[in-house]
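Notebook open, structure loaded. I'll jot down what I look up as I go, beginning with one helix and working outwards.

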Amino acid sequence: ACGAGGGCQAGVSVAGAVIFYGVVYGLPAGRRAVPDRVVEVMVAAGVLVYGGVGVAGLLLGGNYLDYFVLSHDPVHGQHRGIFWVEAGGAVPL
């Protein structure tokens with residue numbers, strides 16, 4: 001489910017654009033524009049960023065995806081965690 005922040009929506013928008021490109025110009029053109037290897041790397045990177053933020057929370061003494069432990073100030077930790085999770089959500093096509 002997509003939440004506030006826009007990372008998920010950005011990823012869905014990019015994926016939709018690539019899909020529509022393939023529909024309009026054909027699958028071979030779509031695969032040339034965004035090769036399978038690029039898609040695989042981006043999906044893996046998104047999962048690693050998202051999971052990495054969760055693991056960082058665990059290593060710093062919080063629960064999985066507890067952002068408040070990511071900085072000396074809990075509010076800054078929340079901002080930092082949300083930024084990285086949203087960035088990870090925007091990476092995958």
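**Helix 4, length check.** I began with helix 4: its 17 residues should span 24 Å at 1.5 Å a residue, and the end C-alpha atoms are indeed 24 Å apart, so the two agree. For the expected span I take 1.5 Å times one less than the number of residues. Helices here are DSSP runs of H or I with at least four residues, strands are runs of E with at least two, and both are numbered from the N terminus.

**Ground rules.** I note that this is a predicted model, where local features need pLDDT of at least 70, side-chain atom pairs count only at pLDDT 80 or more, and totals for chains, interfaces and linings use all residues. Numbering runs from 1 along each chain as its sequence is written, and side-chain values use heavy atoms, with hydrogens and water left out.

**Helix 4, faces.** Which residues of helix 4 are buried? I get Gly 77, Gly 81, Val 85, Glu 86 and Gly 88. Looking down the axis, I see these buried residues fall within an arc of 155°, so they line one face of the helix. The arc is taken over the directions from the helix axis to the C-beta atoms. On the other side of helix 4, I find His 79 and Phe 83 exposed. My cut-offs are under 20% relative accessible area for buried, over 50% for exposed and partly exposed in between, with a 1.4 Å probe and protein chains only.

**Trp 84.** I then picked out Trp 84, which also lies in helix 4. Trp 84 is partly exposed, at 43% relative accessible area. What does Trp 84 touch, not counting residues up to four places away in sequence? I find Val 49 and Val 53, where a contact means heavy atoms within 4.5 Å. Trp 84 and Val 53 are 31 residues apart in sequence, yet I get 7.0 Å from C-alpha to C-alpha.

**Helix 3.** Next I checked helix 3, which has 24 residues and reaches 34 Å from first C-alpha to last, close to the 34 Å expected at 1.5 Å a residue. Its buried residues include Gly 46, Gly 51 and Val 53, and I also list Gly 54 and Gly 57 as buried there. I see the buried residues of helix 3 packing against helix 4. Just after helix 3, Gly 61 takes a positive phi of about 100°.

**Loop between helices 3 and 4.** Leu 65 sits in this loop. I noted its phi, near 65°, as a positive value in a residue other than glycine. Ser 71 is in the loop too, between helix 3 (36-59) and helix 4 (74-90). Is Ser 71 buried or exposed? At 14% relative accessibility, I count Ser 71 as buried. Leaving out residues up to four places away in sequence, I have Ser 71 touching His 76, Gly 77 and Arg 80. I also found a polar contact of 3.4 Å between the side chains of Ser 71 and His 72. (A polar contact is a pair of N or O atoms within 3.5 Å; within protein, one must be able to donate a hydrogen and the other to accept it, and residues adjacent in sequence count only if both atoms are side-chain atoms.)

**Val 34.** I looked at the loop between helix 2 (27-33) and helix 3, where Val 34 lies. Val 34 counts as buried at 17% relative accessibility. Its C-alpha is 9.7 Å from that of Gly 22, twelve residues apart along the chain.

**Salt bridges.** How many salt bridges are in the whole structure? My search finds two, taking a salt bridge as a side-chain nitrogen of Lys or Arg within 4 Å of a carboxyl oxygen of Asp or Glu.
- Arg 31 and Asp 36 meet at 2.9 Å, N to O; I have Arg 31 as partly exposed at 44% and Asp 36 as partly exposed at 40%.
- Arg 37 and Glu 40 meet at 3.7 Å, N to O. Being three residues apart in helix 3, they are separated by about one helical turn. I have Arg 37 as exposed at 58% and Glu 40 as partly exposed at 45%.

**Whole chain.** Last, I tallied the protein chain: four helices and zero strands, running α-α-α-α from the N terminus on. Of its 93 residues, 25% count as buried.
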